[in-house]
Amino acid sequence: RSWWDHVTPAPKDPIIAVTEAFLADPFPYKINLGVGAYRDDEGKPVVLQCVREAEGKIAASNFLESTSTAVSSKFVEESAKLIYGQDSNVIKERRFAGIPALSGTGACRLFAEFQKRFYPESRIYLPDPTWSNHRNIWRDVHVPDRTFRYYHPDSKSLNFVALMDDIKNAQMVLSSLLHPCAHNPTGVDPTNEQWREISSLFKAKNHFPFFDVAYQGFASGDVERDARAIRIFLEDGHSIGCAQSFAKNMGLYGHRVGCLSVLCNDKIQAMAIKGQLQQISNTMYGSPPIHGISLASKILSDPDIKAIWLKEVKVMATRIHRMRAILREALERLGSPLNWQHITNQVGMFCFSGLNRAEVYLLAKEFHIYMTPDGRISMAGVTTKNVDYLANSIHEVTT
Ligand code: PLP
């Protein structure tokens, strides 16, 4: 007998399962539409020019020290400016508590731990559907989750009435997780007007809004525009929390660069909360690796490098937009009897295609095209070379 006989295999992460099936397939023209990582029109991962420039500038830094306070404070301040606005009062009055986190996942987890510690009876309300790991993260810290309706499968768009209803009926002492832009997996975002209504309702119900910002820039191509939901909540005087990831919009996936911030009433409260967040991270992993934080901080604070970054974000978002248009057009040209408008209505990295499990299975089995069983297509995997084959295959399995 060993100590670990009772340990059974963990369920496979749905994305990893898709990647494994893709890798095991020898077909030369196979397509991976599973993973939400940006690829160029050749299907290749991209190291952004802004990252190269930032690397050059920080090359002389001394990385042997653990994260110095100065480096991490600068990174947090730049991240806060990016999401709350360069001239926001929150920044001027230092009414935010922020710490670097291990990408978006780490930022969500830190917040979940913080929530459990200071509101042990609270719940988290998650949109239905949402990124699959959200549920796991709050489950692991023993905060019960509930869902609010979000997506309408028939119209393939936002179920706003149901969303408002569910928030209205939600119990007190809770936080709700919102995707401010480029919702994963649906690609469906509320309009500005809808965000205003959501914000008013949150205010009336005294709900705490927690934003998971994993794709700032990917919805509109403009990081400022993609922060509009958060700015609306700010205008309404909400105290909010934000998990920011730079994995996708800076292409820093493996560096695990993220930030968690919580807005406070004043500077003194901000210091207290920051200290508590640091204590939580200290017992989980000490401090985060310094290289990625230095890169992101340089990109955000050096005006020339930031200008390059903003252009590159636009290029990535535009390529994805273009692929949406081409895919829809190709399906319509094939005479598909189905409505494919949602491909271009939805925004960001993903298209919630409406393909059912059986169709997704057939696409993998017969056509070597891989996506998650919920029919989510990572548009970043679509290129000018494979889009016709993809459209033909979708047409085949849906008619
Ligand atoms: N939040 C959402 C909505 C996501 O889609 C993802 C990644 O897929 C993350 C957070 C976490 O990403 P990372 O931890 O790589 O920053």
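Start your tour by selecting strand β7, residues 174–178: this strand is mostly covered, with 5 of its 5 residues buried. Keep in mind as you click that the model is predicted.

**Stop 1: the two faces of β7**

Show the side chains of β7. On one side you will find Leu174, Ser176 and Leu178, on the other Ser175 and Leu177, and all of them are buried. In a regular strand, side chains alternate between the two faces of the sheet.

**Stop 2: from β7 to β3**

Now add strand β3, residues 123–128. β3 and β7 run parallel and are joined by 3 bridges. Two pairs are good to label here: arginine 123 has leucine 174 of β7 as its bridge partner, and tyrosine 125 stands opposite serine 176.

**Stop 3: from β3 to β4**

Next, select strand β4, residues 145–149. β4 pairs with β3 in the parallel sense over 5 bridges. Label aspartate 128 and, opposite this residue in β4, arginine 149. Then colour helix α6 (residues 132–140) and follow the chain: it leaves β3, passes through α6 and arrives at β4, a β-α-β crossover that is right-handed.

While you have aspartate 128 on screen, look at the peptide bond that links it to proline 129. This bond is cis, with omega near 5 degrees. Proline 129 itself sits in the loop between β3 and α6.

**Stop 4: from β7 to β8**

Go back to β7 and bring in strand β8, residues 208–213. The two strands pair in the parallel sense, over 4 bridges. A pair to label is leucine 177 with phenylalanine 210 of β8 opposite. The connection here goes through helix α8 (residues 192–205), and this β-α-β crossover from β7 to β8 is right-handed.

Trace that connection slowly, with two places to pause. One is the peptide bond from asparagine 184 to proline 185, which is cis, with omega near 15 degrees; proline 185 belongs to the loop between β7 and α8. The other is asparagine 206, in the loop between α8 and β8. Although asparagine 206 is not a glycine, its phi is positive, about 60 degrees. Is asparagine 206 buried or exposed? It counts as exposed, because it has 9 C-beta neighbours inside 10 Å.

**Stop 5: the ligand**

Select the ligand and show what surrounds it: Gly36, Ser103, Gly104, Thr105, Trp131, His179, Asn184, Asp212, Ala214, Ser245, Ala247 and Gly258. By class, this shell has 3 nonpolar, 8 polar and 1 charged residues. Which helix gives the most to the shell? Helix α5, residues 103–118, does so with 3 residues.

Zoom in on serine 103, which lies in α5 and is among the residues around the ligand. Serine 103 has a positive phi of about 60 degrees, though it is not a glycine. Serine 103 counts as buried because 25 other C-beta atoms lie within 10 Å. You may also recognise Asn184 in the shell, the residue whose peptide bond to proline 185 is cis.

**Stop 6: the nonpolar core**

Hide the ligand and turn to the largest nonpolar core, which has 114 residues; Phe111, Ile230, Leu260, Ala296, Ile299 and Met379 touch the most other members. Helix α12, residues 303–333, supplies the largest share of this core, 9 residues. In soluble globular proteins, nonpolar side chains tend to be buried together.

Centre the view on leucine 260. Leaving aside residues up to four places away in sequence, leucine 260 touches Gly98, Ile99, Ala101, Ala107, Leu110, Phe111, Ala243 and Leu277.

**Stop 7: two arginines**

Finish with a pair of arginines. Arginine 322 is in helix α12 and counts as partly exposed because it has 15 C-beta neighbours inside 10 Å. Draw a distance from its C-alpha to that of methionine 379: the two residues are 57 apart along the chain, and their C-alpha atoms are separated by 9.8 Å.

Arginine 225 lies in the loop between β8 and α9 (228–235). With 14 C-beta neighbours inside 10 Å, arginine 225 is therefore partly exposed. Its partner for a distance line is cysteine 181, 44 residues apart in sequence and 9.2 Å apart in space, C-alpha to C-alpha.

Key:
Residues numbered from 1 in each chain as written. Predicted model: local features only at pLDDT ≥ 70, side-chain atom pairs only at ≥ 80, totals over all residues. Near = placed C-beta within 6 Å. Nonpolar A, V, L, I, M, F, W, Y, C, P; charged D, E, K, R; others polar. Core = buried A, V, L, I, M, F, W, Y, C linked by C-beta atoms within 7 Å. Buried ≥ 20, exposed ≤ 12 C-beta atoms within 10 Å, placed from the backbone. Contact = placed C-beta atoms within 7 Å. Pairing = 2+ DSSP bridges. Right-handed = clockwise from strand over helix to strand, strands pointing away.
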